[in-house]
Amino acid sequence: MTRKLTPWLAAAFLMTIMMSACTPKADEPTTTAPRSPETTQATVDPSVDPGFYLNLMWHQHQPLYPKDADGVYTRPWVRVHATKDYYDMASTVAQYPDVNVTFNLTPVLMLQLEDLANGAKDIYWTTAEIPAVTLTDEHKQFIAERFFDVNPKIIARFPRYQELADSRDGTGQWTDTEWRDLQVLFNLAWTDPDFLESEPLALLVAKGRGFSEEDKVTLFAEHVRIISEVLPLHRQLWESGQIEITTTPLAHPILPLISDTNLATVGDPTALLPDVRFQEIPDADDQVIRGLDTAERLLGRRPVGMWPGEGSVAQLVMSLFSKNGVEWVASGESVLAKSIGIGSFERTTDDIPLGASDLYRPWSAQLNRNPDVAMFFRDDRLSDLVGFEYSGSSGEAAAADFMRRLKSIHDSVDVQDALAAGQPYVVSVILDGENAWENYDNDGKDFLNALYRELSESDFVKTITPGDYLDRFEHPEGLDEVWPGAWFQPNFATWIGESEEALAWDYLAAVRADLKAAKGTVSDDSYAAAYEQMLFAEGSDWFWWYGSDQDSGNDGYFDTAYRELLGQVYDALGMDRPLFVSVPIIPATPIGASRSASAATTPVIDGQFDDYQEGGEFGEEDDRVFYAFDQEALYLGYGVFDGFGASPGRFDEPIEVYLSGTGESFGTTTDGEVLGFRATHVVKLNGDTACVAALADPEECVPVVFARSEVGAEVAVPFEEIGLVEAGDTVLAGLRLGDPIETWWYGSPLGLQVPDISNVAIFLDVEDPIGDDHGPGTYTYPTDAVFGAGSYDLTRFTAGTEGDEYVFSIEVVAPIQNPWGSPRGLSIQTFDLYIDTDPGAATGSRLLIDGRNAALAPDNGWEYGITIEGWDPAIYVAAADGTVEETKPTFDIITFGDKGKVVVRVPQALLSGDPGTWGIAVAILSQEGFPSAGVRRVRDVDPSAQQWRIGGGTGDANGTRILDVLWPVEDEAEQLLVEYPPANTLTGLTADDFGTIPLVIRSQ
């Protein structure tokens, strides 16, 4: 069976579209008659239809990438995903007529596809078109930096591409031929393999190297052709009934937050909210209407289903869907769990949800004045396997595992009983349909074809679209209230709750207010254009990259793009852009210290710098900046040296130091220059005086202790003037100097990380023996070099209080490395902290978090399990009967990497009980982004160590994954971990079937 539409079949599809007499013109939108809320129960013939269904839904989305001054898109991702993924995903389904799937096409994606098909280009495209002989140094730098933005697996398919990747350090010696080859190969690599096997591109692939300028013309003509066929192909498959198409609100916004940012605190009580509450329900309503309008104009039919941006829902917004004709939406399983009051869907060791009968059926949002809206909820585990894990297996093996899991779900529920009730089971697998495939062999084709083939031939499951399900079966049961959350978490913490996110929402509120004020003062056309840009700025994509919870590797681009959209609101109104939209929300990447501060220290302010041994330093020769902190002040020194440290004479230059303290912040200097970060205060050093002023009132400058000498200047800045700081905070400092002041020192802010100056009232302090990081006594580290010796060896733990927070400090032997760039400074370690608020009372959970394969001793049980890691920290809450709920409130994780120390600050409001009577257990494990089934993000143990596996295991299914446990007595913790009855399976095991870890209690 072929794997995509052959050229003649694609042409037939397009001819059918053009010849269809019922297809409306672009300016004559059709409408779809609303489905009656009353449906009749279907009679299903089990010999044809088994009555057990799979709702497979592919979500296709890209943000609205701003264009530059030449009208060129600043990123290529819409184009290259169209040529590699969008067409292919639909054409593959077309080869399996017995398979029905749903495609969600977002309006912002479709609008850009339309624009590209009509002649628009992106900057990667225009740069690739430049003849290699005329490339400037600036062009070459861009190509060298950006034309390897391809998965290494794909680069390796092209020998010449791999050769160029291996020689990147020598681009200065590259010939015109090498630059031209890279221009072509980047764009070939982002083309679906089936197109590369067909002419005209097969000839280019065979050529391999030595491409011509004419080859570029051929390549880009093919890209335009593919892009132009994406939407018509989807439209044809929808008309044929094989697929259902859904869309999102126009700009892919987090609709509940557009309606009310205060909804953030429902699932995240400690979220930092913006200063200005954003409440624009009319905007949210218009986002829904315009999204549907765009889909109807471009696809010829109005969708009746929606995947809200990021699957975000809340009771507040459900009526916006209903009143605009949306009959069903989809979201994540955690939203359903919260909505029905079970906290979360726990799973068996076979990954089957304990509440399968609740998860595997649609529900409905009950509304008073509008028809109810049906809701489908994704199976997170199955969806994530396809999105993140199956790429490590062969396509056939992955498809077989997927079908095995479906069969296990089928066998765990009463299919006939549900069918008789008119609400048969439906498993919803919903995920990104574009980004996963580059990680698969052969771009995921082997997996998709194997999966669709098995689904076509299956006798126990049939694919179905949500619209078809609702047409055939009984109206779903109602939810009392839809919990506010998104596709992967029961809150909106990824888009709101941190300081950068709060500032981004305040920017949005300021622009929205200015737009309202302009209504009636500008022409209707100008206002309409500005309003549309405002809606695009409300998209979720911009807020996703703010804060520490997500990292694109280039978050600054998205910050710039977001602020550009805000600026375009003013452009459309014919108004000057206010200065704040030029001020970055994400600060410029700070310069790291050549030596970081190691402890609190109080230097003497004398213009000399010989007492900063425990302070920090920037620079190595010539100009240097010194800094130190104690509990009262920040100390700064600027020194001028020659290469031998000799004094060049008295230092008299004026200096301004802009600091990110506490209070109203500004992105510009006192004379209007953009800082590159937001500062609250400025320290002015001029002559023999120095003072500090809040930027909100720079004329009110308070004198501070200051000294000059022949080598430089030194100043003490009290926290009572700039605001208190905490251990782990990074204070940004921007230095300007000169006479007149105009020169930035190094052009970027300095990152002054505050050492551990906290004044924590310690209530528990435990030292752990060194050299016991071997689990039950036999474990060895994985063999890759990132797992440095001592990385998992606990040395000390303290717990205390400061202000309204609990402060937990964990130390290990080795410096904490961050090889994969987690936003919290942790890449390889996971620390678990368990709190038993009433030791000996036998309440709470004895079993630790999933996959740890350990428990507390009998008569103990933890009420709180805090898992501390780089990407997905959480607090588990156990009820008295041992039932456990995963929560993800906002709490701080601060890593002092070079000190081998992690400090965790948890609001006291999140934990109950008297800490003086708590029992605390601490374990360290190896963080794993692709864990085994039923394991919460920690690494497996094999009999022998491998590159990414711990060694020394026994092969027992119930062997622990813990590498070290907090306990002051040598060898005792290891003995506890090894005392368990070996088992071949986890099925049916209880806490008594695992090794235990001890509680440390203050009174001990």
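Here are four short exercises with worked solutions on a predicted model.

**Exercise 1. The disulfide**

Find the disulfide, give its handedness, and decide how accessible each cysteine is.

*Solution.*
- Step 1: Apply the cut-off, a pair of cysteine sulfur atoms within 2.5 Å. The count comes to one disulfide.
- Step 2: Name the pair. Cys-691 and Cys-701 have their sulfur atoms 1.9 Å apart.
- Step 3: Place both ends. Cys-691 sits in strand 18, while Cys-701 lies in the loop between strand 18 and strand 19; they are ten residues apart.
- Step 4: Read the torsion. About the S-S bond of Cys-691 and Cys-701 it is about 90°, so the disulfide is right-handed.
- Step 5: Check accessibility. Buried means under 20% relative accessible area. Cys-691 has 15%, so this residue is buried. Cys-701 has 23% and therefore counts as partly exposed.

**Exercise 2. Strand 18 and its partners**

Work out how strand 18 pairs with strand 17 and with strand 19.

*Solution.*
- Step 1: Start with strand 17 (residues 681–686). Six bridges join this strand to strand 18 (residues 689–694), and the two run antiparallel. Val-682 has Ala-693 of strand 18 as its bridge partner.
- Step 2: Look at the connection. Strands 17 and 18 form a hairpin with two residues between them. In the turn, Gly-687 has a positive phi of about 65°.
- Step 3: Move to strand 19 (residues 702–703). Two bridges pair strand 19 with strand 18, again in the antiparallel sense. Here Val-692 stands opposite Val-702.

**Exercise 3. An open sheet**

Identify the edge strands of the sheet ordered 25-26-27-34-33.

*Solution.*
- Step 1: Note the layout. The sheet is open, has five strands and pairs antiparallel.
- Step 2: Go to the ends of the order. Strand 25 (761–767) and strand 33 (892–896) each have a single partner strand, so one side of each is left without a neighbour in the sheet.
- Step 3: Add the twist. Neighbouring strands are turned by 15° against each other on average, direction ignored.
- Step 4: Inspect one edge. Strand 33 is joined to strand 34 (residues 901–907) by five bridges. Phe-896 has Lys-901 as its bridge partner in strand 34.

**Exercise 4. The largest cavity**

Describe the volume and lining of the largest cavity.

*Solution.*
- Step 1: Count. There are six cavities of 30 Å³ or more.
- Step 2: Take the largest. Its volume is about 70 Å³.
- Step 3: Trace the lining. Residues there include Val-625, Tyr-638, Ile-655, Glu-714 and Leu-735. Strand 13 (633–640), strand 14 (655–659) and strand 21 (712–718) each supply at least two lining residues.
- Step 4: Sort by class. The lining has nine nonpolar residues, one polar and one charged.

How values were computed. Residues numbered from 1 in each chain as written. Predicted model: local features only at pLDDT ≥ 70, side-chain atom pairs only at ≥ 80, totals over all residues. Heavy atoms only, no water. Pairing = 2+ DSSP bridges. Helix = DSSP H or I, 4+ residues; strand = E, 2+ residues; numbered from the N terminus. Axes fitted to C-alpha atoms, helices over the stretch in contact; angles between N-to-C directions. 1 Å grid on protein atoms, 1.4 Å probe; cavity = no way out; pocket = protein on both sides within 12 Å on 5 of 7 lines; lining within 4 Å. Points joined across faces, edges and corners; volume = space filled by probe spheres on them. Nonpolar A, V, L, I, M, F, W, Y, C, P; charged D, E, K, R; others polar. Buried < 20%, exposed > 50% of the residue type's maximum accessible area, 1.4 Å probe, protein only.
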